Amino acid sequence: MLELSDIFVSFRSAHVLNGISCSVRGGETVGVIGPNGSGKTTLFNCISGFAPCRKGTITLRGERIDHLEPYLRAQRGLGRVFQNFGIFREMSLLENIQLALESRRDTSAGFLPWSKRTRETIERSMTFLKDVGLDGKAREKASSLSGGQMRLLEIVRTLALGSDLFLLDEPTAGVSPRMKEDIAQSIRNLQSMGKTVLIIEHDITFIQKFCDRIVVLEEGRVVLDDTPERVRSDERLQEIYFGRDDRSARP
Ligand SMILES: Nc1ncnc2c1ncn2[C@@H]1O[C@H](COP(=O)(O)OP(=O)(O)OP(=O)(O)O)[C@@H](O)[C@H]1O
Ligand SMILES: [Mg+2]
C-alpha cells in the first residue's frame with residue numbers, strides 16, 4: 001500500500017529524517033512512536049506532501065507520489081487528519097461532512113436534481129456522524145465541540161473525503177479518558193472497514209491494543225519495527241526512553 005524508501009528531510013542545516021524505509025500493507029494499523037523531536041510529525045508531513053523530501057521515494061499502491069502536491073496525494077486516498085485544522089469551526093457538523101462528500105462527488109451525480117442530491121448528501125452525512133455518536137449535534141457549530149469530539153469529527157470527515165490511508169498524529173493528546181476510548185473505537189471502525197491507519201502516539205499501552213505493528217523512531221531513523229509485544233520487550237525501547245537524560249520522553 002505505502003512504501004517509504006530511504007527518506008531524508010532537512011530544514012536548512014537540521015537533518016530531521018535520516019534515511020527512513022518502511023512499508024505498510026493495505027488494512028494494516030501501524031503505530032509510530034519515539035521521543036519528542038524524533039521526526040514523527042515530519043514523517044507524516046513528508047508522506048502527505050507538506051514537507052519536501054531531499055532524497056528517497058514514496059510509493060502509494062505502486063505509484064510514486066513524492067513529487068505530487070498534497071491535494072493530489074489526498075485525491076489518491078491519503079487522509080491526513082490535522083489536529084483541529086481540518087474542520088470548519090463556524091459551520092455545523094453536518095455541513096462539515098456534506099462539504100467533504102460534495103468535494104469528491106463524481107460528475108455523473110451532477111445530473112441528479114439538486115434537491116434529491118442534497119437530501120441524499122444529508123442522509124449520508126448523518127450516517128457518518130451517527131457512526132461516531134455525533135448525530136445529536138449535527139446542527140451545532142463545530143466550534144461547540146470538545147477537543148475529543150473535534151478529533152472524532154476530523155476522523156469521520158477524512159473518511160467522508162474518501163480516504164483509505166489515515167495519518168493520525170496524536171489523536172488522543174489532551175482528551176479525556178472516556179473520549180480516548182471513543183477515539184479508539186473510531187479507529188477500530190476504520191480497521192473494520194479495511195482502511196489503513198498510521199498513528200502517532202506516545203502511549204504505547206494505548207496503541208498496542210489495536211496496532212499490528214509499531215515503528216520506533218529516534219533522531220529521524222527507524223530503530224525498531226515489529227509487533228507491539230516484541231517492541232515493548234525490546235531493551236532498545238527502554239534505552240531510548242529511559243537510558244538517556246531525555247526528560248521530555250513520555251513512553
Ligand atoms: N518546518 C520546520 N522547520 C524547521 N525545523 C522543523 C520544522 N518541522 C520540524 N522541525 C524540526 O524537526 C525536528 C522533528 O520535529 P517533529 O515535529 O517531526 O518531531 P516529533 O517526533 O513529531 O515530536 P513531538 O513528539 O514533540 O510531536 C524538531 O527538531 C523540529 O524542531
Ligand atoms: Mg509531533
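A residue is buried if 20 or more other C-beta atoms lie within 10 Å of its own, exposed if 12 or fewer, and partly exposed in between, with C-beta atoms placed from the backbone. Keep that rule at hand for the tour.

This is a predicted model: local features need pLDDT of at least 70, side-chain atom pairs count only at pLDDT 80 or more, and totals for chains, interfaces and linings use all residues. Residues are numbered from 1 along each chain as its sequence is written, while chains are lettered from A and ligands numbered from 1 in the order in which they are written.

**Stop 1: helix 5**

Select residues 147-160, which form helix 5. Helices (H or I, at least four residues) and strands (E, at least two) are DSSP runs, numbered from the N terminus. Of the 14 residues in helix 5, 13 are buried. Its end C-alpha atoms lie 20 Å apart, which agrees with the 20 Å expected at 1.5 Å a residue (1.5 Å times one less than the number of residues). Now click Gly162, just after helix 5: its phi is positive, about 95°.

**Stop 2: helix 1**

Move to helix 1, residues 40-48. Here 8 of the 9 residues are buried, so the helix is largely enclosed by the rest of the structure. Lys40, Thr42 and Leu43 are among the buried ones. Gly49 follows helix 1 and has a positive phi near 100°.

**Stop 3: ligand 1**

Which residues surround ligand 1? Select Phe11, Ala14, Val16, Gly34, Asn36, Gly37, Ser38, Gly39, Lys40, Thr41 and Thr42. Each counts as near, with its C-beta atom, placed from the backbone, within 6 Å of the ligand. Helix 1 gives the largest share of this shell, 3 residues. Strand 2 (14-24) also supplies at least two. Colour the shell by type: 3 residues are nonpolar, 7 polar and 1 charged. Ala, Val, Leu, Ile, Met, Phe, Trp, Tyr, Cys and Pro count as nonpolar, Asp, Glu, Lys and Arg as charged, and the others, Gly among them, as polar.

**Stop 4: the hairpin**

Show strand 1 (residues 2-11) beside strand 2: they run antiparallel, joined by 8 bridges. Two strands pair if DSSP finds at least two bridges between them. Find Ile7, opposite Ile20 in strand 2. The hairpin has 2 residues between its strands, and Arg12 takes a positive phi near 50° there.

**Stop 5: the whole chain**

Zoom out. The chain holds 9 helices and 10 strands. Its C-alpha atoms fill a box of roughly 60 × 40 × 30 Å along the principal axes. Buried residues make up 38% of the 251 residues.
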